[in-house]
Each structure stands twice: as structure tokens, then as C-alpha cells.
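Visitor: Could you take me on a close look at a single part of this structure? I would enjoy one connected account of the sheet and what lies around it.

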Amino acid sequence: MTRILTSAFALLLTGLVPAAARAQTAPAVPATAAPATVASAYFAEKSANVFRRFSGDGVKTLEFYGPVLGFGDIGAVGGVSRYQVGPSQLKFTKASANAKFTRGAINDAAGVRLWTMWFADEAVLTKRFADHGFAAPAFKNVDGVRSALVADPDGEWVQLVIAPNQPKEAYGRLEIGIAANDLEKSRAFYRTFVGLDELPPVKDSVIGVTKYSFRRGSTTISLWATPGPKPVNPRLAGIQYVVKPVDPIWALAQQRAIAVETPLGETLPGLVTTWLYDPDQVTNYFAEIRPRPRPAPPQPPAETR
């Protein structure tokens with residue numbers, strides 16, 4: 001990744017934590033505490049954000065996630081467009097001109113292949129598709145769940161789940177689906193390095209896989225095995241965690257020989273980050289916002305004192 005793209009994504013953190021999420025902020029780990037063995041010990045939020053780079057028609061892609069799916073546009077920062085899903089954010093920026101990604105069917109590549117979101121009203125959602133010139137989703141009932149698989153304008157997959165009459169929090173959930181070339185390595189990464197809670201495996205009849213899921217508050221990361229080795233898409237998409245502090249996570253990554261996309265550093269004044277890769281080169285981006293001391297006011301010349 002170029003330093004320009006890294007800086008653009010880092011700019012998001014100036015307005016990253018929405019008011020609804022601040023109440024979920026976890027206490028910082030005391031400086032005197034023994035180093036933790038998982039990154040989640042330093043998480044500052046009960047959710048995670050996701051980002052994706054588009055290479056097609058960015059206007060249509062942003063229209064799809066904003067007006068069509070109905071997620072609130074919370075404004076672009078540093079060239080990165082942001083949409084709110086509960087306490088999580090979806091983030092989009094344009095890929096570099098020479099970026100090459102494998103798209104196709106869900107299992108044609110490894111890495112982030114599916115985002116799943118929940119909606120209250122199928123008719124209202126379908127009407128928004130029609131109003132914006134998009135083909136209507138083909139909803140089906142499978143194992144008691146009504147959902148549709150659709151490709152966004154950039155060719156990435158989204159599952160729309162209809163769940164009427166649920167509490168408001170149910171529509172703020174976000175599931176990130178990752179196809180893994182080596183399922184056990186990927187499970188170990190999210191369980192023993194990231195430190196997420198692993199749920200019992202579940203058969204997903206819609207995409208025909210067994211999913212191994214990890215939860216962080218309203219965010220779920222679900223893994224499944226690819227049908228044979230598949231190409232990876234480094235820099236296409238990733239997961240972002242707000243942490244405090246980030247330094248122990250970098251030290252832990254060095255100890256565990258975790259693949260590095262961007263090493264620990266102050267990306268912008270007051271923003272310290274490290275970008276790490278999971279086994280399928282999905283970016284796991286850890287970011288800490290550090291308060292910076294205000295400069296002392298200028299003192300008058302000595303002769304005027």
C-alpha cells in the first residue's frame with residue numbers, strides 16, 4: 001500500500017467513534033499491567049469497522065450502500081466515504097489504477113467475500129432498489145431465514161437478511177464473511193492473536209459452507225474453507241479495530257511473526273497505527289488516537305513583562 005492510501009484511511013479516525021458507540025468504550029489497560037496475549041485486551045470499542053476499495057463505478061457503489069440499503073452517510077474524510085451500521089462503519093475508497101482483484105462467485109477467491117446486514121421490511125428495501133434503478137433482490141426462505149444474495153456495483157457480495165419486528169439493535173449488526181485457504185490457520189489467527197470469542201460452527205445452507213464465527217459486540221467475523229486453494233486479494237478489504245494502546249499489539253505481532261502490511265508508526269499527528277495481515281492477506285488494522293498536548297501560549301517579550 002502506498003503511504004498516500006495509508007494516510008487517507010488513517011484520516012478516518014478523526015471522527016471515527018460515533019456518539020452511540022462512545023458509551024461502549026472499554027477502559028484502557030493500565031500501563032503497569034502485564035502484556036496481554038491477545039490483541040482484544042486492548043480494544044476500545046465493542047464493535048469493528050470494515051473497509052473496501054472499489055475499482056468500478058464508485059458513484060454507483062456509494063449509492064448502493066447509502067440510499068439503496070439505507071445506511072446513513074456520515075460524511076467522507078480524507079477521500080474515504082463512510083456509512084453507519086449500528087456502532088460499525090462501512091468505509092470505501094478508490095483502489096489504485098493498477099490494482100487487480102479476483103471477484104466472481106463468492107468462493108472464487110479467498111479473503112473478505114461477503115458482508116451480511118439485517119433489515120426490517122422487505123417491501124421497503126425492494127422499493128429502494130427499484131427507485132434507484134437496481135434489479136430487485138431475489139429473496140428466498142432457507143432454513144427459516146428469508147434472505148437474498150446480491151452483488152454490489154463493484155462485484156462484491158452482500159447478503160440481505162429480512163428480520164421483521166426485531167429490537168433496533170438487531171439492525172445494527174454486521175457480519176464479515178471470509179473464505180479461508182487454510183481454515184485452521186485463519187481460525188487460530190482470530191482466536192489466539194486477535195482474541196475474539198469463537199462461536200459453535202454453523203451450517204450455512206445459503207452459501208453451502210460450515211461457518212466458524214467470532215464475535216466482537218455487534219460485529220461477527222465468519223470463516224469458512226475455500227473449495228481448494230484460491231487467489232487472495234491483498235489491499236481489497238479489511239477490518240479496523242480501535243485500540244488503546246496499540247504498541248503492545250505491535251509487539252505481540254512481532255513475537256508471533258504476524259505478516260505486516262504497514263508497521264507501527266504515527267500515521268498522522270496523534271494517530272498511531274499498525275496494519276497486519278491475516279493468513280489470507282485480509283488487512284487487520286489497529287488504530288489508537290492519542291491526545292496531543294496543546295502548545296503553550298506564546299510569551300510576551302521580556303522587556304514588556
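Guide: Happy to! In this predicted model, eight strands make up an open sheet of mixed pairing, ordered E2-E3-E4-E1-E14-E17-E16-E15. Strand E2 (72–73) and E15 form the edges, each pairing on one side only.

Let's begin inside the sheet, with E14 (237–242). Six of its six residues are buried, which leaves E14 mostly covered. In a regular strand the side chains alternate between the two faces of the sheet. For E14, one side carries Ala237, Ile239 and Tyr241 and the other carries Gly238, Gln240 and Val242, and both of these faces are covered. E14 is joined to strand E1 (residues 49–54) by four bridges, and the two run antiparallel; here Val50 has Ile239 as its bridge partner. Five bridges link E14 to E17, this time in parallel. Ile239 turns up again in that pairing, standing opposite Asn284 in E17.

The loop that leads into E14 from strand E13 (219–225) contains Arg235. Its phi is positive, near 75°, in a residue other than glycine. Arg235 counts as partly exposed because its relative accessible area is 36%, between the 20% and 50% cut-offs.

Moving along the sheet order, E17 and E16 run antiparallel and are joined by seven bridges. One of the partnerships here matches Tyr277 with Thr283 in E17. Helix H5 lies across E14, E16 and E17, and its direction makes an angle of about 15° with E17.

Between E14 and H6 there is a loop that holds Pro245. The peptide bond joining Lys244 and Pro245 is cis, with omega about -5°. Then comes helix H6 (residues 247–256), whose buried residues are Ile249, Trp250, Leu252 and Ala253. Viewed down the axis of H6, these buried residues fall within an arc of 160°, so they line one face of the helix. As background, an α-helix has 3.6 residues a turn, so residues three or four places apart point the same way. The cover over the buried residues of H6 includes helix H5 (183–193) along with strands E15 (260–268), E16 (271–277) and E17 (283–289). After H6 comes Ala257, with a positive phi near 60°.

Two residues on neighbouring strands make a nice place to finish. Thr274 sits in strand E16 and is buried, because its relative accessible area is 0%, under the 20% cut-off. Its side chain reaches the backbone oxygen of Thr262 at 3.1 Å. Leaving aside residues up to four places away in sequence, Thr274 touches Val246, Trp250, Thr262, Pro263, Leu264, Asn284, Tyr285 and Phe286. Two of those names have come up already: Trp250 is among the buried residues of H6, and Asn284 is the residue opposite Ile239.

Pro263 belongs to strand E15. With 44% relative accessibility, Pro263 counts as partly exposed, whereas Thr274 is buried. With the same sequence neighbours set aside, Pro263 touches Trp250, Thr273 and Thr274. Pro263 and Leu276 are 13 residues apart along the chain, and their C-alpha atoms are separated by 7.9 Å. Trp250 of H6 thus appears in the contacts of both residues, touching Thr274 and Pro263.

Technical notes. Residues numbered from 1 in each chain as written. Predicted model: local features only at pLDDT ≥ 70, side-chain atom pairs only at ≥ 80, totals over all residues. Heavy atoms only, no water. Buried < 20%, exposed > 50% of the residue type's maximum accessible area, 1.4 Å probe, protein only. Arc of directions from axis to C-beta. Contact = heavy atoms within 4.5 Å. Pairing = 2+ DSSP bridges. Axes fitted to C-alpha atoms, helices over the stretch in contact; angles between N-to-C directions. Polar contact = N/O pair within 3.5 Å; in protein donor to acceptor, adjacent residues only side chain to side chain.
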